[in-house]
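This briefing goes through a structure topic by topic. Please have the sequence and the model at hand while reading.

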Amino acid sequence: MVTNFEINLKVNNFVLEIWDDETSRCTFYTVRWDNSTDNETDKFFKKFHQKSLYKKATQELLSLVLDSIGEDHGAVDALFNRFENDVIGLPNKGKSRIGEIMFFYPNFPLRLYALRVINRTDLVILFNGGIKSASTNQGSDDLRLRWIEACQFAKRIEQALQDGEIVIDEDSRRLRYYNGDDEIFL
Amino acid sequence: MRSKVAQEILEETPEETRIFVRQYADIIVRINDLLRQKGYTQKELAEKMDKKPSEINKWLKGTHNITLKTLAKMEAVLGAPIISVPHERLS
């Protein structure tokens, strides 16, 4: 059960920064707390790659992000179909959104949260994630707070996009602060 | 630029893992595109593939892996290739 404290968790003072802009179909952003040296996505990959039990899953997830989404297809619906409130969980789930037969990554142990910028296929923001140990995010101890946090990040970013605080630079497939700066502090 | 952490993990990732992930994603996207193009529902597809609903359900739940036979049947029903193998002879 989510406590009031968790619901009221505020997401303030973070930086939106590029995580990867080297793939041909998508620019990936991440978030970094203002007082942290590591961004949230690096924390996720570093943490689970160090654990032998999750090393292979971490490598598969990274390949899905950089190879399949970044290089081959972009953030298309078929790969972004695990809707978790304000964010998308990666990897994609076995059943596709259009209700047809897809059966990949059964019982995948990890979740990485992401947001497509205005549902575009070429701009994705990656957050943190964790171990899916129960049938729901709420029931997965390692995941619950990360998921709530990712939803809060996503809400703040979507609000900033709506208000024009963040703008999309179409030419360079980048996000910029309203004054044109690359540094986006929210 | 690329995250240093991502670069390090990618360098350590076996080539076969990356090939597996890419090919799986290719198949997912391909089948989705074909289904959308054909406008088939899950039920219609099951009927056309001559599969029992329970079998389709096992796929949906992710408890069964796809086989080459299933892929061939799907290609036949959807009328287009899902995977292809190069035909040129190697010298």
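**Overview**

From the N terminus on, the elements of chain B run α-α-α-α-α. Chain B thus listed has five helices and zero strands, while chain A has four helices and nine strands. The model is predicted, and the predictor gives the complex an ipTM of 0.83 and a pTM of 0.84.

**Composition of the chains**

- Along the sequence, the elements of chain A follow the pattern α-β-β-α-α-β-β-β-β-α-β-β-β.
- Chain A has 186 residues, of which 58% count as buried.
- Chain B has 91 residues, and buried residues make up 40% of them.
- In chain A, 53% of the contacts with a separation of 6 or more are between residues 24 or more positions apart.
- In chain B, 50% of the contacts between residues at least 6 apart in sequence join residues at least 24 apart.

**Confidence**

- The mean pLDDT of chain A is 86, and 86% of its residues score at least 70.
- Among the elements of chain A, helix α1 (residues 4-7) has the lowest mean pLDDT, 45, and helix α2 (residues 40-49) has the highest, 97.
- Residues 1-8 of chain A have a pLDDT below 50, and this stretch has nine contacts in the model beyond near neighbours in sequence.
- Residues 95-103 of chain A also have a pLDDT under 50; for this stretch the model has 36 contacts beyond four places in sequence.
- Where pLDDT is low, the predicted coordinates should not be read in detail.
- Chain B averages a pLDDT of 81, with 81% of its residues at 70 or more.
- Within chain B, confidence is lowest in helix α4 (residues 53-60), at a mean of 57, and highest in α1(B), at 97.

**Helix α3(A) against α2(B)**

- Helix α3 of chain A (residues 55-73) and helix α2 of chain B (residues 15-38) have axes that come within 9 Å and cross at roughly 55°.
- This angle makes α3(A) oblique to α2(B).
- The crossing of α3(A) and α2(B) is right-handed.
- On the α3(A) side, the residues in contact are Gln59(A), Glu60(A), Ser63(A), Leu64(A), Asp67(A), Ser68(A), Glu71(A), Asp72(A) and His73(A).
- On the α2(B) side, they are Thr17(B), Arg18(B), Phe20(B), Val21(B), Arg22(B), Ala25(B), Asp26(B) and Val29(B).
- By class, the contact of α3(A) with α2(B) has five nonpolar, five polar and seven charged residues.

**Helix α3(A) against α1(B)**

- The axes of α3(A) and helix α1 of chain B (residues 4-12) are 10 Å apart, and the two helices pack at an angle of about 110°.
- This angle makes α3(A) roughly perpendicular to α1(B).
- The crossing of α3(A) and α1(B) is left-handed.
- From α3(A), the contact is made by Lys55(A), Gln59(A), Leu62(A) and Leu66(A); from α1(B), it is made by Ala6(B), Ile9(B), Leu10(B) and Glu12(B).
- The residues of the contact of α3(A) with α1(B) divide into five nonpolar, one polar and two charged.
- Gln59(A) is listed in the contact with α2(B) and also in the contact with α1(B).

**Backbone geometry in chain A**

- Most residues other than glycine have a negative phi, and most peptide bonds are trans.
- The peptide bond from Leu90(A) to Pro91(A) is cis, with omega near 5°.
- Pro91(A) is in the loop between β4 (87-90) and β5 (110-116) of chain A.
- Asn85(A), a residue other than glycine, has a positive phi near 60°.
- The loop between β3 (83-84) and β4 of chain A holds Asn85(A), which is exposed, with a relative accessible area of 64%.
- Ile118(A) is not a glycine either, and its phi is positive at about 45°.
- The loop between β5 and β6 (123-131) of chain A holds Ile118(A), which is exposed, with a relative accessible area of 56%.

Definitions and conventions: Residues are numbered from 1 along each chain as its sequence is written. Chains are lettered from A and ligands numbered from 1 in the order in which they are written. This is a predicted model: local features need pLDDT of at least 70, side-chain atom pairs count only at pLDDT 80 or more; totals for chains, interfaces and linings use all residues. Side-chain values use heavy atoms; hydrogens and water are left out. Axes are lines fitted to C-alpha atoms, for helices over the stretch in contact, and angles run from 0 to 180 degrees between N-to-C directions. Angles under 35 degrees count as roughly parallel, over 145 as roughly antiparallel, 65 to 115 as roughly perpendicular and the rest as oblique. A crossing is left-handed if the near helix is turned anticlockwise from the far one by less than a right angle, and right-handed if clockwise. Contact means heavy atoms within 4.5 Å. Ala, Val, Leu, Ile, Met, Phe, Trp, Tyr, Cys and Pro count as nonpolar, Asp, Glu, Lys and Arg as charged, and the others, Gly among them, as polar. pLDDT is the predictor's confidence in each residue, from 0 to 100. Buried means under 20% relative accessible area, exposed over 50%, partly exposed in between (1.4 Å probe, protein chains only).
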